[in-house]
Amino acid sequence: MPELDVVVVGAGLAGLSAARKLVAAGKTVRVLEARDRVGGRTFGGFLSNGVPVELGGQWVGPGQDVALELIAELGLETFPTYDTGAATTVVDGAVLRYTDASFGLPQENLAEIYRVWGELEALAASVPIAAPWQAPEAADLDRQTFDAWLSANTADSVALRFFRLVVPTLFCAETPELSLLHFLFYIRAGNGLASLLAVTGGAQELRVVGGTHRISERMAEDLGDRVQLGAVVRTIAATDDGVAVGFEDAEASTGDAVTARRVIVAIPPTLAGRIRYLPPLPAARDALTQQFPAGSVIKFHVGYPTPFWRSNGLSGLVTSLDDAFNLVMDNSPPDAACGVLVGFIDGAHARAAAELPKEQRHKLVVDTLVKYFGSAAAEPFDIVEQDWSAEEFTRGCYGGRLAAGALTQFGKALAEPVGPVHWAGAETAQEWSGYMDGAIRSGRRAADEILAVG
């Protein structure tokens with residue numbers, strides 16, 4: 001007889017949510033996590049003054065009801081992302097301030113941006129989130145990259161640059177690397193493009209006191225010794241009664257195995273494809289994992305004695321169409337004990353920046369912040385960076401992307417169980433795909449699949 005009812009691979013939000021639901025239903029469960037910590041793509045760090053910062057996923061907002069309810073259930077608190085004052089857009093060397101919906105751009109460019117935006121929303125409305133490959137024009141939408149569609153639908157150079165920044169902002173990839181259909185599905189799953197991009201009223205509205213990694217830590221505390229850290233899963237083999245999950249100690253590389261009736265693989269698709277399955281996975285599922293790479297992003301927290309930009313009437317939000325360090329937000333602690341700017345180098349810029357010495361990357365960041373905020377930004381007391389592509393057990397963030405043609409060919413295999421093997425993770429979610437809320441939903445969905453078969 002198998003030792004357990006279920007083994008869960010991965011102790012991120014998806015895996016822990018699945019385990020929690022299964023345990024509540026009376027199932028015996030073990031969670032195997034390769035890292036020496038829980039949380040997956042949420043990860044906490046500190047500035048040199050002891051102020052906590054989020055090195056991974058960090059924001060929640062309206063419509064992300066599952067995440068918000070879980071945060072409250074676990075006794076954690078949220079606070080609003082600072083969003084008072086003028087935001088900034090940088091284009092063609094001009095640093096433009098704005099407090100309305102104009103992005104600070106000239107009216108003729110803005111009108112074209114909103115026209116294209118409306119066309120995207122209309123196309124997204126036709127994509128069913130439960131099965132995007134069944135959209136009325138799915139084959140046509142999927143054979144195009146988002147960049148090809150953009151080039152065919154506008155000649156406005158500023159509008160092109162605007163949307164070519166949106167994709168790195170959301171996927172940490174470039175517009176030629178992403179299927180139009182996948183982009184439209186993402187818009188639909190996230191309650192619209194405005195919701196995905198906005199701070200107040202959008203997906204960046206709230207932060208968790210102490211950091212979002214505390215969500216996973218609280219769930220892991222409840223699960224106790226059911227969570228095993230430093231366990232790198234290498235094989236999942238079918239048995240007469242279920243599965244045998246083989247793993248190694250992350251430090252000693254000594255092998256072990258555990259048997260269970262079923263397994264939930266709750267890690268990003270690109271990592272799920274590196275496990276050896278016996279017998280091999282169906283061709284469609286294997287092909288999916290080969291075509292679902294993670295994005296490229298380096299996240300930076302830059303600490304200052306005070307949030308000086310606030311006294312200058314600025315919210316801290318910057319979007320640049322010119323620069324590699326092109327998205328910045330106020331990430332100061334709720335008591336404003338110091339000032340913190342969080343920003344990202346993503347997509348192709350991240351791949352180039354990763355090749356630079358750390359000192360050179362930090363100089364690039366500070367020089368760019370001086371451009372945005374003036375000389376007061378020249379002397380931070382600390383810079384903390386996190387390159388997610390360099391993480392062995394992540395290999396990129398924020399999530400995965402599908403290139404042209406992949407979603408219609410292989411999308412059905414993303415969440416469909418293969419015998420006793422079930423799949424979870426933010427990429428497998430129908431609602432809020434790629435977000436923490438989606439990860440939690442996916443784990444609960446995988447648990448429900450198992451509970452439904454007894």
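Let's start with one residue, Tyr-114, which is partly exposed because its relative accessible area is 35%, and a residue counts as buried only under 20% and as exposed only over 50%. Before we go further, keep in mind that this is a predicted model.

What does the ring of Tyr-114 pair with? A search of the whole structure turns up 24 aromatic pairs. In one of them, Phe-103 partners Tyr-114 in a tilted arrangement, with 6.4 Å from centre to centre and 35 degrees between the planes. The two residues are 11 apart and the pair links distant parts of the chain: Phe-103 belongs to the loop between strand E8 (94-98) and helix H3 (107-124), while Tyr-114 is in helix H3.

Since we've just met strand E8, have a look at Leu-96, which is found there. Leu-96 counts as partly exposed, because its relative accessibility is 23% and buried means under 20%. Now pick out Gly-230, which is 134 residues from Leu-96 along the chain. The C-alpha atoms of Leu-96 and Gly-230 are separated by 48 Å.

Back to Phe-103, which also helps to enclose some empty space. Rolling a probe the size of a water molecule over the atoms is a way to show where such space is left. Here the count comes to two cavities of 30 Å³ or more. The largest cavity holds about 40 Å³ of space. Its lining is made up of Thr-89, Phe-103, Leu-105, Phe-162, Thr-319 and Leu-321. Sort that lining by class and you get four nonpolar residues, two polar ones and no charged ones.

Thr-319 takes us from the cavity to the strands. This residue has a bridge partner in strand E17, namely Leu-327. Strands E16 and E17 (residues 325-330) run antiparallel and are joined by two bridges, and a hairpin connects E16 to E17 through four residues. E16 itself covers residues 314-320, and six of its seven residues are buried, so the strand is mostly covered. E16 has another partner too: it pairs with strand E7 (residues 86-91) in the parallel sense over four bridges. To see that pairing on screen, find Val-90, which stands opposite Ser-320 in E16.

Elsewhere there is an open sheet of three strands, in the order E5-E9-E6, with antiparallel pairing. Which strands form the edges? Those are strand E5 (59-60) and strand E6 (78-80), each of which pairs on one side only. Three bridges hold the antiparallel pairing of E6 with strand E9 (residues 206-208). One spot to check is Thr-78, which faces Val-208 in E9.

Rings can have charges over them as well. The ring of Trp-59 has the charged end of Lys-299 sitting over it, 5.6 Å from the ring centre. In a second case, Arg-310 lies over the face of Tyr-82, at 3.7 Å from the centre of the ring. Rings can also gather in a group: Phe-146, Trp-149, Phe-171, Phe-183, Tyr-186, Trp-432 and Tyr-435 form one aromatic cluster.

Now for the other cavity. The second largest cavity has a volume of about 30 Å³. Its lining consists of Val-265, Ile-267, Pro-269, Ala-272, Arg-285, Leu-414, Trp-423, Ala-424 and Thr-428. By class, that lining divides into seven nonpolar residues, one polar and one charged.

Two of those names come up again in an open space, the second largest pocket, which holds about 430 Å³. The pocket is lined by 31 residues, and the closest to its centre are Leu-414, Glu-427, Thr-428, Ala-429 and Gln-430. So Leu-414 and Thr-428 appear in the lining of the second largest cavity and in the lining of this pocket as well, if we go by the definition of lining residues. Which helices supply at least two residues each to the pocket lining? They are helix H6 (157-171), helix H7 (180-189) and helix H16 (436-452). The largest share, four residues, comes from H16. By class, the pocket lining has 15 nonpolar, 10 polar and six charged residues.

Methods. Residues numbered from 1 in each chain as written. Predicted model: local features only at pLDDT ≥ 70, side-chain atom pairs only at ≥ 80, totals over all residues. Heavy atoms only, no water. 1 Å grid on protein atoms, 1.4 Å probe; cavity = no way out; pocket = protein on both sides within 12 Å on 5 of 7 lines; lining within 4 Å. Points joined across faces, edges and corners; volume = space filled by probe spheres on them. Nonpolar A, V, L, I, M, F, W, Y, C, P; charged D, E, K, R; others polar. Phe/Tyr/Trp six-rings, centres within 6.5 Å; stacked < 30°, edge-to-face > 60°. Buried < 20%, exposed > 50% of the residue type's maximum accessible area, 1.4 Å probe, protein only. Lys NZ or Arg CZ within 6 Å of the ring centre and 35° of its normal. Pairing = 2+ DSSP bridges.
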